[in-house]
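Hi there,

Here is the structure I promised to pass on to you. Please have a look at it first, and then read on for what turned up.

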Amino acid sequence: MVDIFDRCKDRKLLHKAIQKTFENRGTTIPESFFEVAQKFNLKILKGAWGSVELSTKVESFNSIWNKFLDVLSALEYKK
């Protein structure tokens, strides 16, 4: 998500795609993806990050996580 978000030109279409994904799964879309993500227990994700770093030479977990939170914040639905 971090890698492709800035390349997304049509944010309205992205919102529709996200809504459709939740509809197809029959699940409720959260009021705030950002708030949901902030409640995650990051211990397991951080523990697995070493495999990602070895295979892709990406940034640190904390750096990517902060960028991910920025993306989620930008996705907040304006009602």
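The largest nonpolar core has 13 residues, and within this core Leu 72 and Leu 75 have the most contacts. Three elements each give two or more residues to the core: helix 2 (11-25), helix 3 (33-38) and helix 5 (61-74). Of the elements in the chain, helix 5 gives the most, with six residues. In general, nonpolar side chains of soluble globular proteins tend to be buried together. Please keep in mind that this is a predicted model.

Leu 75 deserves a click in your viewer. If you set aside its neighbours within four places in sequence, Leu 75 is in contact with Met 1, Phe 5, Leu 14, His 15 and Ile 18.

Now for the chain as a whole. Its secondary structure comes to five helices and zero strands, so if you read the elements from the N terminus on, expect α-α-α-α-α. Along the principal axes, the C-alpha atoms fill a box of roughly 40 × 25 × 20 Å. Among contacts with a separation of 6 or more, 55% are between residues 24 or more positions apart. Of the 79 residues, 19% count as buried. The chain exposes about 6300 Å², and 56% of that area is supplied by carbon and sulfur atoms.

On to the charges. The chain carries 14 positive and 10 negative side chains, and the centres of these two sets lie 2 Å apart. How many salt bridges does the structure hold? There is one, and it is formed by Glu 59 with Lys 67, whose closest N and O atoms are 2.7 Å apart. Are the two partners buried, exposed or partly exposed? Glu 59 counts as partly exposed because its relative accessibility is 35%, a value that falls between the 20% and 50% cut-offs. Lys 67 also has 35% relative accessibility, and therefore counts as partly exposed.

One last residue to look up is Asn 24, which has its place in helix 2. Asn 24 counts as exposed, because its relative accessibility is 59% and the cut-off for exposed is over 50%. You could also display Asn 24 together with Gln 38: the two are 14 residues apart along the chain, and their C-alpha atoms are separated by 25 Å.

That is the tour, and I look forward to hearing what you make of it.

Best wishes

Methods
Residues are numbered from 1 along each chain as its sequence is written. This is a predicted model: local features need pLDDT of at least 70, side-chain atom pairs count only at pLDDT 80 or more; totals for chains, interfaces and linings use all residues. Side-chain values use heavy atoms; hydrogens and water are left out. A salt bridge is a side-chain nitrogen of Lys or Arg within 4 Å of a carboxyl oxygen of Asp or Glu. Buried means under 20% relative accessible area, exposed over 50%, partly exposed in between (1.4 Å probe, protein chains only). A nonpolar core is a set of buried Ala, Val, Leu, Ile, Met, Phe, Trp, Tyr and Cys residues joined through side-chain atoms within 4.5 Å. Helices (H or I, at least four residues) and strands (E, at least two) are DSSP runs, numbered from the N terminus. Contact means heavy atoms within 4.5 Å. Accessible areas come from the Shrake-Rupley method with a 1.4 Å probe; for residues, only the protein chains shown count as cover. Lys and Arg count as positive and Asp and Glu as negative; His and the chain ends are not counted. The place of a charge is taken as NZ of Lys, CZ of Arg, CG of Asp or CD of Glu.
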